[in-house]
Each structure stands twice: as structure tokens, then as C-alpha cells.
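Here's a friendly walk through a two-chain model, for anyone meeting it for the first time. Have a look at the picture, then read on.

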Amino acid sequence: MIATQPYLEVTVAGLAQGAVFGLLALGLVLIYRTTGVLNFGHWAIGLMGITVYIGLTSVGTPVLFAVLITMATCAVIGVLAYRFVFRHIPRSNQIIVILIAFGVAQLLSALAEMALGFKAQVTMPGWLPAFAVHFGGATLKSSDIFTFLFAIGLGLGFLVWFRVSRTGRALRAVAQNREAALLAGIDDVKYSSIAWAIGAALAAIAILLIIPHKATASGGTYQGYINTFDLTPLGVLLIPAFGAALVGGLVNMPAALAGGFAFGLAENLRVLAPVPWNKLTYTIPALMIVILLLVRTERLFTTQQEREALEGA
Amino acid sequence: MSAEPIAPALEPASTEEVPQFETPSVTPPVEWRLPVSRTQLLGLAGLGLIALLPLLVQASGGSIFWFYAGAYALIYAMIGLSVVVVTGYSGMISLMPYSFAGIGAMVTGLAMASWGWPFWLCVPLAALATVPVAVIVGAISVRLKGLYLAIATLAVAAMLGETFFSYTPVLGGNAGWTLSRPVPFIGDRSFYLLCLIAALLLVVMAEGLRTSKLGRAMLAVRDNEREAQALGINVMQTKMASFVIGGMMAGVGGAFLALLLQNVGGLGGTVFTSPQTDATSIALVTLVVLGGIDRAWGAFFGGLVFVLTNQVFQGAQFFFAFVGLYSAVLLIVFLMFRPGGLLQIGKLQIELIKERPMFGSIVAFGILGLNLGVAYAFLRLG
């Protein structure tokens, strides 16, 4: 009989990571639908969040308070990025939009490097409560469980809000038909800014759920670190996040949230695979992405009119 | 009374003078012209400057390292030329030029170290080795456009970086392959000259491609795919061809990169694993765009800046971050207002100087002085 403990542990870790990917994908989809920008610099907004979080906790701010301030700061960064840069680019030229997103990512990461200094390890304290969870012989990380619950709550809450609230409806109107929304008196720039703010805040909280809880410090509490020489580990978080967003064809949010779990589970369950296969961190998500792209999932979720609105205009 | 001719127009003499059109001369008036255009001349002058720069640096007491850095820049320019072909000419965004270079480098290592091939045969082999991957990506590019293609190439690069480039049992074991340069080009200085010749050849090819039938088809596809199709251009073939040509150029760059570093593969040599390869590709693409994406010059600018930030100022960390910040701001501002990059800025500046010499010169010197001043200030601070 196969032991169930490793499966349980890996599944919980996968669900937690999947929830994080789902939150990143939600932000990506929200921004893409409303403003037509696929934000290749999403990870850098999260990095700015980490920078702010490290700065705040190092001067003794309570961690939960620091998380809230970080989210607010990232929302402001998102709005600034939209107002000063992305608003002025015609969305028909996707090459320019993508390259500018890279430029924004480079700008933010250079700022973060300047603020944090060049160190192989910049440590930060975790903010989720830490205790051992024993369940059916498996030892689970409490941060994983909290991350999963928190992200699910946040994601579902956001989706409900997006469905029923006035702002959410306005956002959907801008996404579906920009010109009709403008005629109906919806301020395009205002709601695009709101979309960027929410997307950036989601990126910040997603990164803050995963990075500060990577390791366990001496006192049994969580601790995280980043290497400011090499920020690529943060950047590659975007690959599964893109994959999750592609499950919803870059436009459907519930599907993006669900897609996050698919990618999180795939990335964690591979650990149990036989030897040459269990090292394929990126290959499995990348293969899934190529397949999703070729299937063209956006056909399932959009009308022809909406697709044209996203690609052109 | 003499009879006057009533109708002089009827005289046979007048019919002989029916309007004589000036026959157009078949050969235009002989006028001495340069075989190259002025832009190309400027580009050549720039190249000559790049070629001489390490010599000048060494003459003023610099070390041999500058030749190494110069060769590095030229090799990155070769890889950057593939960006020019794929993104600049054909308008498809590919985030995997460095992966193609990696294939070239690995094949060169395999052929030279394991099979004992001479380097001269390895270069075409490295170019050919990239073709299968280029064809696959090209086939994907027919179906996907814009940002979808960007994601797909990023995914393919990540996949290659973790499977092919990480498979050490084939790629030279743990130590990687140690390669030695071919005989007259062993030193850094002579190897630099070899790289210069190779880069020049590739530039001639890239510029020639631009004016060829295929190149014009690429430009048409870039500007409007449907119109190009309506004009009878085979869009699929053109896209495939541009990926194959771009991949081959990057593969040649990779072969030279392997020989410059003299140790590729394994764990110790130059490796092309994810995610660092993806980051390098993205940085290269952005820098080539900053230089000017649709001419060969952009690739040289990209290679130069890339090597300056990653090799020369590697130790100066604050400066490194500053260069990142500065080039990011430049990239954003350029793409927003002058999508043609530095090349376009230069052209506009030259026009301004022609029209209003005084004002134009002041602006030019102002920009130059501002840049130098900022760089100096940050060097002092860092």
C-alpha cells in the first residue's frame, strides 16, 4: 500500500501555491480585460511590495499592519504605472505594450535593488501564525493552510464583489465594451486605475503569502528571504500565473482562479514522480501553457466582438 | 501679285517638324555615387569605432580584458541580430534568442570536444542545429500572435532550459567541455578580430535580407498580415523563414560564445538553464529595442550595453542598479514617444541640426552632457 502522508503534504502545499498563482492570475486578468495590457511586470510590483514590507518590519511595524500598508503602497504603484505609462500606449501594438511592461519591471526591480542593497540573502519575518499541524500521520505547514484559506477567501470575495457591486459592474462594462461604457457615463480612466490598483494589491498579497513563509526560523516562526543579485525566482512565478490566466483565456476570472490550483498542484505533485521527472519545475507548466495557447481557450469565454475590442481599439 | 500660300501648315516641310520628343537616355547621366547609402556609412563608421576602441583603451594603459569584453559585446550583437530579424523585420516578439544561442554553443561544444571537429565546421553545424527548434517555434507563431506568441516563446525557452540544457549526461558531464580556439585566433586580441569579421558578415547579411524579396515580405507581414496575404505573400512561409534565419544567426553567435568562454555545458561551464536564460533573453530583446529594432545598429547597441552592465561593471553594484534604472526609464520613454529607438532619435537630431544648426547643436550637446553628467555623478556616488 502506498503511504498517503507524502501525497497529503504535497497536495496541501500545491493547493497553497495554487491559491497564490490564482491570485496573481486574477490580477493579470483584471488588468488585461480592463486596459488591454498583459502585465509582464506583475512580479516586479510584488517585489516592490516585499521591499516595502522589509522596510516596514525592520523598523518594528507590527507585521499585519505592514501587510496592509504594503498592499496600499502597491495599489498606488499600480495606479501610477497606469496613469503615467500604460494609459498613453495604443493597445493595438502589443509588442510595444509588452516591452514597456518589461521596462516597468526593470525600473521597479532596480529601485528595489537600490533600496535593499545587494545581498545574497535579505531576510524578512513571516506574518502568518506558525504551528505544527498533524493530520493522518502527515506534518503540514500551518502557513500553507492559512495561505490556501486566505487566498480562497480573498479570491472568492473579490469575484462576488466584482459580480454584484456597482464598481465591479462598471469594471465589467469597461472590459466588455469600452465605448458603450464611455457613452453610459462611466469614467474610463478612473475605472482602469481601479483595476490596476486592485491587480497590483493582489500581486502584493500573493507574493507576500508565499515568499516570507519559505523557511522556518529558530523560534518556530516563519522567515523568508530573497536574493537581490538574482531576482529571476520571483520573475518565474509569472509563468504558472500566465498559465492560470490562460485557463480562463486571459479574460475569465473564476477559471483563472481554478487554473491557479491546477498549476500549483502540477508543480508540487511532480516531486513524487520518479527521478529524472521530478526536477522539471518549469517544463510541466510551460508545456501546459503551450497546449492552452494552441487550444485557444479565449474562444470559450468571449464573443468575437469582445476579442476584437481586446486586440484592437 | 504673288500668290500667298493659303495653308502653310499643309506644306510638306512643316510636317517634317512634327513635335520631336526628346528620347529618354537609357543610361542616366554618369554621376559618381558611393556604393553604400549614408546611413550605412554612418553604421560602418560606428563599427570601425567599436573595432578600434579596445586598441585605444589598450594603448592608454588598459588591460587585455577589454578585448575579451569587446568580443563578448560583438557576440551578443550577433545574437541581437536574430532579434532584429524576428522582431524588427517580421514583427513577432520572441523571448528566446539566448536559447537559440545556447543550442549553438552546446552543439559546438559537443562537436569540437567529443567528435574533434574543427571550429570552422562547427559554425555551420551550430546554425543548422537551431533549425528544428526554430521550425517548431515558427509553426507556433503562425497560429499565435502578439502577446500569445510572447508567452509561448517564454514557455518554450523555460522548457528547453530545464530539459535540453540541464541534461548534463549528454552535455559534457559535470565539468562541461573545455574548448580551445583555432590556431591563429588563440589570444583574446586575435579572437576579437575574428568576432568582428563574423559580426560584420552577419550585419551585411541582415541588411541584405532587409532589401531582398523575403525581407520585404517580412516587413509587409509586420505592417499588416492580412494585406500581405492579399498581396500574395505566403505569411506562414515568411514567418517560418524569419524564425529559421534568426535562429541560425543566434546559433552562430552561440558557437562564438562557446569559443570565447572556452568552457560550456555541464555544471561548471557556461550554462543555459532556466530561468537565467529567459532573463538574459528578455534583457537582450529590450536592449536591442532601445538601440533601434529594425536596423542592425540596434543589435550592436544592445550587445554593447549588455556587456557593459553585466561584465565590465559587474563589481560596481550601485552602478549596476543605476544602469538598470536608467535604461528602464529610457526604454519606457523611448517606446512611448520614439518607438524607433536611439536610431530614430539620432535621425531626428541630425535633421534638426540641418534645419536649425545652432539650436540643434545646442540640443545635441545638451543631451550628451546631461547623460555624461548623470553617469559621472552616479559613478562618484557608487
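Let's start inside chain A: the buried residues of α6(A) pack against α1 (5-35), α5 (142-164), α7 (178-183) and α8 (188-210) of chain A. Helices here (H or I, at least four residues) and strands (E, at least two) are DSSP runs, numbered from the N terminus. A residue is called buried if 20 or more other C-beta atoms lie within 10 Å of its own, exposed if 12 or fewer, and partly exposed in between, with C-beta atoms placed from the backbone. Which residues of α6 (residues 166-176) are the buried ones? They are A:Ala170, A:Leu171, A:Val174 and A:Ala175. These residues sit on the same side of α6(A), because they cover an arc of only 140 degrees around the axis; the arc is that of the directions from the helix axis to the C-beta atoms.

A word on the ground rules. This is a predicted model, where local features need pLDDT of at least 70 and side-chain atom pairs count only at pLDDT 80 or more, while totals for chains, interfaces and linings use all residues. Residues are numbered from 1 along each chain as its sequence is written, and chains are lettered from A and ligands numbered from 1 in the order in which they are written.

Now for where the chains meet. The contact takes 35 residues from chain A and 36 residues from chain B, with two residues counted as in contact if their C-beta atoms, placed from the backbone, lie within 7 Å. On the chain A side, α4 (94-116), α9 (232-235), α10 (238-247) and α12 (283-295) each supply at least two residues. The largest share, 15 residues, comes from α4(A). By class, that side of chain A divides into 26 nonpolar, 8 polar and 1 charged. Here Ala, Val, Leu, Ile, Met, Phe, Trp, Tyr, Cys and Pro count as nonpolar, Asp, Glu, Lys and Arg as charged, and the others, Gly among them, as polar.

Over in chain B, there are 16 helices and 2 strands, and 44% of its 382 residues count as buried. The domain assignment (automatic or from a database) gives domain 1 (37-312) and domain 2 (317-382). Between them, 12 residues of domain 1 are in contact with 11 residues of domain 2. On the domain 1 side, α12 (276-291) and α13 (296-312) of chain B give two or more residues, and α13(B) gives the most, with 5 residues.

What about the largest nonpolar core, a set of buried Ala, Val, Leu, Ile, Met, Phe, Trp, Tyr and Cys residues joined through C-beta atoms within 7 Å? Of its 223 residues, A:Ala25, A:Val29, A:Ile98, B:Ile75, B:Met78 and B:Ala155 touch the most other members. This core draws at least three residues from each of the two domains of chain B. Leaving out residues up to four places away in sequence, B:Ile75 touches B:Cys195, B:Gly253, B:Phe256, B:Leu257 and B:Leu260.

Finally, two residues have a positive phi although neither is a glycine:

| Residue | Phi | Place | Other C-beta atoms within 10 Å |
|---|---|---|---|
| A:Leu250 | about 65 degrees | loop between α10 and α11 (253-269) of chain A | 23, buried |
| B:Gln262 | about 65 degrees | loop between α11 (235-261) and β2 (263-264) of chain B | 15, partly exposed |

Methods:
Core = buried A, V, L, I, M, F, W, Y, C linked by C-beta atoms within 7 Å.
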